[in-house]
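I opened a new structure today and kept notes as I went. The entries are in the order I looked things up.

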Amino acid sequence: MSEKMENIVHEEETLLCKSYSRYPIAVARGKGSRLWDVDGKEYIDLLSGIGVTDLGHCNPELCKTLEEQAHVLWHVSNLFYQQEQLDLAKALLSTTHHSKAFFCNSGAEANEACIKLARRYMRTIKKRDAFGIITLEGCFHGRTYGALAATGRQSLSQGFEPLPEGFSQVPANDLPALEKAITADTAAVLLECVQGEGGVVVLPEDYLRGVEALCRKKDILLICDEVQCGLCRTGKFWAFQHSGIKPDAISAAKGLANGLPMGAMLATDEMARGFVAGSHATTFGGSALVSKVANRVMEIMLRDNIAERAALLGAELMAQLEGLQCRFPGLVKEVRGLGLMVGIELFRDTDKVWRQLIEAGFICNLSHGTTLRLLPALTIPAGELEKFVICLESLLEDLQG
Ligand SMILES: *Cc1c(COP(=O)(O)O)cnc(C)c1O
């Protein structure tokens with residue numbers, strides 16, 4: 001470890017709350033799909049800040065918009081009308097069947113908005129005391145109390161109890177279990193069409209259509225958490241659009257402002273009736289500066305057919321990785337993914353391979369200790385993905401012995 005790096009590690013230990021186990025890299029700067037650490041070492045970034053800098057680090061067009069807006073208006077609170085929010089709402093709503101937007105600052109907050117709207121809609125519009133939110137095993141919806149309860153993972157909630165009531169969980173891809181779990185108290189089903197933190201698990205389209213049919217039959221709401229799988233990541237603008245289902249609301253965040261904090265809930269006109277002035281609010285949500293940048297993100301995504309690009313590049317990458325699985329059936333357990341949201345599950349030594357990748361200058365995520373998760377920028381040059389595959393191939397060769 002370099003002296004610079006040692007100092008940073010030491011300072012962090014004395015200054016910050018213990019809440020993260022860091023990767024062994026101190027990042028100094030980024031450009032496109034490249035990162036440089038404090039010692040000048042260059043990396044190909046296949047994680048993009050956990051699927052956030054979708055249009056690349058320090059994207060020049062976004063830098064220009066950010067700089068221009070920085071001299072116009074940053075923040076005035078939601079006590080005021082702001083054209084920037086309306087422009088962004090128009091752009092977002094043009095991509096989906098929803099017709100109302102609510103802006104906030106993160107993925108967890110976007111899910112909180114969905115949960116609150118679902119409950120309030122049931123109480124005030126449907127006149128039913130239905131509050132239950134059903135989620136799926138393997139999901140991740142965030143770390144605030146509501147989102148944590150929705151996530152339902154003991155390892156994340158230990159020590160923080162009591163959690164809010166009204167959350168239950170069923171196995172994914174099991175319609176009878178879901179049907180059994182729906183009661184008169186149920187307000188909504190909340191799910192990720194592609195589970196991200198769960199290790200890149202693509203829920204089958206017929207299952208999703210089955211969930212939608214159940215929700216309609218039981219007259220409850222369907223909410224899709226698109227925080228990670230949305231915004232072109234999986235090869236469609238929204239992941240739910242692969243199956244043709246029409247969720248009543250969706251949450252978005254991660255890539256929305258390419259790294260500035262921003263979240264959004266999009267809802268149908270009908271469900272949005274559940275909120276009135278004062279029902280829900282945030283100080284920062286939808287500030288002029290962040291909305292302007294997010295609006296530019298939307299413009300670029302639509303102009304450059306980023307969803308299509310993610311679909312094409314993702315298909316090529318998956319084919320190459322499936323090739324590796326055929327070559328190394330004893331090492332590669334499964335290759336999963338949709339678009340540029342990809343998981344490579346190994347039988348053993350995933351941690352070692354992940355470390356070797358970092359040494360070789362490739363950054364990806366180690367998920368559950370068994371899966372390498374790739375969430376590259378959607379603008380990544382195809383050659384960078386090929387370099388990764390070649391490197392992984394040589395590491396697997398070594399591992400096979
Ligand atoms: C990251 C993530 C969240 C939480 O987002 P934060 O911005 O960290 O609150 C919620 N849902 C999914 C699917 C995510 O991937």
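These notes go from the ligand to the core, then to single residues and backbone oddities.

**Entry 1: what I am looking at**

I note at the start that this is a predicted model.

**Entry 2: the ligand**

I began with the ligand. Which residues surround the ligand? I listed S106, G107, A108, N111, F140, H141, G142, E192, D225, V227, Q228 and K254. I sorted this shell by type and got three nonpolar, six polar and three charged residues. I then looked up which element gives the largest share of the shell. It is helix 5, residues 107-124, with three residues.

Next I looked up polar atoms close to the ligand. A polar atom in the side chain of K254 is 2.6 Å from a ligand oxygen. For Q228, a polar side-chain atom sits 2.7 Å from an oxygen atom of the ligand. F140 uses its backbone instead: an N or O atom there lies 3.2 Å from a ligand nitrogen. I also looked up how much of the ligand is covered. The ligand alone exposes 390 Å², and the protein buries 80% of that.

**Entry 3: T151, in contact with part of the shell**

I followed F140 outward and reached T151. This residue is in helix 6, residues 145-151. Is T151 buried or exposed? T151 counts as buried because its relative accessibility is 2%, and the cut-off for buried is under 20%. Leaving out residues up to four places away in sequence, T151 touches C139, F140, H141, G142, L156 and Q169. I recognised F140, H141 and G142 from the ligand shell.

**Entry 4: the nonpolar core**

I turned to the largest nonpolar core. How many residues does this core have? I found 119. L92, L321, I344 and F388 have the most contacts inside it. I picked F388 for a further look. Beyond four places in sequence, F388 touches L46, L321, I344, L357, F362 and L374. Two of these partners, L321 and I344, I had just noted among the core residues with the most contacts.

**Entry 5: V389**

I moved on to V389, in helix 14, residues 382-400. V389 is buried, as its relative accessibility is 8%. Leaving aside neighbours within four places, V389 is in contact with L317, Q320, L321 and L324. I checked one of these pairs along the chain. V389 and Q320 are 69 residues apart in sequence, yet their C-alpha atoms are 7.2 Å apart.

**Entry 6: I300**

I300 lies in helix 11, residues 288-303. I300 is buried, with a relative accessible area of 2%. Setting aside neighbours within four places, I300 is in contact with L55, N59, E61, L62 and I306. I also looked up the distance to L231, which is 69 residues away in sequence. The C-alpha separation of I300 and L231 is 12 Å.

**Entry 7: S367**

S367 lies in strand 16, residues 365-367. I read 5% relative accessibility for S367, so this serine counts as buried. What does S367 touch beyond four places in sequence? I found E197, G199 and R373.

**Entry 8: D349**

D349 is in the loop between strand 14 (341-346) and helix 13 (350-359). At 32% relative accessibility, D349 counts as partly exposed. The side chains of D349 and R348 make a polar contact of 2.8 Å. I also looked up D349 and T144, which are 205 residues apart along the chain. Their C-alpha atoms are separated by 33 Å.

**Entry 9: backbone oddities**

I ended with the backbone. Most residues other than glycine have a negative phi, and most peptide bonds are trans. I looked for exceptions.

S48 has a positive phi of about 45°, although S48 is not a glycine. S48 lies in helix 2, residues 48-51. S48 is buried, at 1% relative accessible area.

K127 has a positive phi too, near 55°. K127 sits in the loop between helix 5 and strand 5 (132-136). Is K127 buried or exposed? K127 is exposed, since its relative accessible area is 66%.

Where is the cis peptide bond I noted? This bond runs from E161 to P162, with omega near 5°. P162 is in the loop between helix 7 (154-157) and strand 6 (167-170).

Methods: Residues are numbered from 1 along each chain as its sequence is written. This is a predicted model: local features need pLDDT of at least 70, side-chain atom pairs count only at pLDDT 80 or more; totals for chains, interfaces and linings use all residues. Side-chain values use heavy atoms; hydrogens and water are left out. A nonpolar core is a set of buried Ala, Val, Leu, Ile, Met, Phe, Trp, Tyr and Cys residues joined through side-chain atoms within 4.5 Å. Buried means under 20% relative accessible area, exposed over 50%, partly exposed in between (1.4 Å probe, protein chains only). Contact means heavy atoms within 4.5 Å. A residue is near a molecule or strand if one of its heavy atoms lies within 4 Å of it. A polar contact is a pair of N or O atoms within 3.5 Å; within protein, one must be able to donate a hydrogen and the other to accept it, and residues adjacent in sequence count only if both atoms are side-chain atoms. Accessible areas come from the Shrake-Rupley method with a 1.4 Å probe; for residues, only the protein chains shown count as cover. Helices (H or I, at least four residues) and strands (E, at least two) are DSSP runs, numbered from the N terminus. Ala, Val, Leu, Ile, Met, Phe, Trp, Tyr, Cys and Pro count as nonpolar, Asp, Glu, Lys and Arg as charged, and the others, Gly among them, as polar.
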